[in-house]
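Hi there,

Here is the structure I promised to pass along. Have a look at it first, and my notes on what turned up follow underneath.

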Amino acid sequence: MHLARVIGEVVATIKDENLTGMKLMVLQPIAASGDDAGRTLVALDSVGAGVGERVFFVRGREAAFPYYPAEPPTDAAIVGIVDHWTVG
């Protein structure tokens, strides 16, 4: 799992039919310090996250797991909303 900040939403009028009704969000990966860490990406939202929230996301095959038994074509999915974290 990776940390990210939700920085936007994606609206697509034409997309794969398996993505119908699914929310697409733009993420900025972040380090444990809260600093930006990497390039932005688009992920399916399985938890109802909003712009400005910090989230956990997964990449690869695991990104389709929250939608089982459906298998939407995705490389990344938001799987949790972060309330807070402490680095010790």
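Let me start with one pair of residues: in the sheet, Leu 24 of β2 stands opposite Leu 44 in β3. Before going further, please keep in mind that this is a predicted model.

**Strand β2 and its neighbours**

Leu 24 also has a counterpart on the β1 side, where Val 10 stands opposite Leu 24. Strand β1 covers residues 2-10, and its pairing with β2 is antiparallel, over six bridges. Further along these two strands, Val 6 is set opposite Leu 27. With β3, residues 41-45, strand β2 shares four bridges, and those two strands run antiparallel as well.

How much of β2 is buried? Six of the six residues in this strand, which spans 24-29, are buried, so the strand is mostly covered. That holds for both faces: one side carries Leu 24, Val 26 and Gln 28, the other Met 25, Leu 27 and Pro 29, and all of them are buried.

**The barrel**

In what order do the strands close into a barrel? Going round, the order is β1-β2-β3-β5-β4, five strands with mixed pairing. On average, neighbouring strands of this sheet are turned by 55° against each other, direction ignored. On its other pairing, β1 is joined to β4 (residues 54-59) by four bridges, and the two run antiparallel. One of the matched positions there is Ala 4, whose bridge partner in β4 is Val 55. As a general reminder, strands of a sheet pair through backbone hydrogen bonds, in either a parallel or an antiparallel sense.

**Nonpolar cores**

The largest nonpolar core has eleven residues: Ala 4, Val 6, Met 25, Leu 27, Leu 41, Ala 43, Ala 49, Val 55, Phe 57, Ala 76 and Ile 78. Each of β1, β2, β3, β4 and β5 (76-81) supplies at least two residues of this core. There is also a second, separate core of eight residues, and among them are Met 22, Leu 24, Ala 63 and Ala 77.

Phe 57 is a good residue to click on if you want to see the larger group. Leaving aside residues up to four places away in sequence, Phe 57 touches Met 1, His 2, Leu 3, Ala 4, Leu 27, Pro 29, Leu 41, Ala 76, Ala 77, Ile 78 and Val 79.

**Salt bridges**

How many salt bridges does a search of the whole structure find? It comes back with three.

- Arg 5 and Asp 36 form one of them, with their closest N and O atoms 3.0 Å apart. This pair links distant parts of the chain, since Arg 5 is in strand β1 and Asp 36 is in the loop between β2 and β3, 31 residues apart.
- Lys 23 and Asp 45 meet through their side chains at 3.4 Å, N to O. Here the loop between β1 and β2, which holds Lys 23, is linked to strand β3, which holds Asp 45, and the two residues are 22 apart.
- Arg 61 and Glu 71 make a salt bridge at 3.6 Å, N to O. Both lie in the loop between β4 and β5, ten residues apart.

Are the two partners in the Lys 23 pair buried or exposed? Lys 23 counts as partly exposed because its relative accessibility is 34%, which falls between the 20% and 50% limits. Asp 45 counts as buried because its value is 9%, under the 20% limit.

**The loop between β4 and β5**

Two more items from this loop may interest you. Pro 69 lies there, and the peptide bond joining Tyr 68 to Pro 69 is cis, with omega at about 10°. For context, most peptide bonds are trans.

Thr 74 is in the loop between β4 and β5 too. With a relative accessibility of 17%, Thr 74 counts as buried because that is under 20%. A polar atom of the Thr 74 side chain lies 2.7 Å from the backbone oxygen of Ala 76. Not counting residues up to four places away in sequence, Thr 74 touches Leu 44, Gly 60, Ala 63 and Ala 64.

Happy to talk any of this through.

Best wishes

Key:
Residues are numbered from 1 along each chain as its sequence is written. This is a predicted model: local features need pLDDT of at least 70, side-chain atom pairs count only at pLDDT 80 or more; totals for chains, interfaces and linings use all residues. Side-chain values use heavy atoms; hydrogens and water are left out. Buried means under 20% relative accessible area, exposed over 50%, partly exposed in between (1.4 Å probe, protein chains only). Two strands pair if DSSP finds at least two bridges between them. Axes are lines fitted to C-alpha atoms, for helices over the stretch in contact, and angles run from 0 to 180 degrees between N-to-C directions. A nonpolar core is a set of buried Ala, Val, Leu, Ile, Met, Phe, Trp, Tyr and Cys residues joined through side-chain atoms within 4.5 Å. Contact means heavy atoms within 4.5 Å. A salt bridge is a side-chain nitrogen of Lys or Arg within 4 Å of a carboxyl oxygen of Asp or Glu. A polar contact is a pair of N or O atoms within 3.5 Å; within protein, one must be able to donate a hydrogen and the other to accept it, and residues adjacent in sequence count only if both atoms are side-chain atoms.
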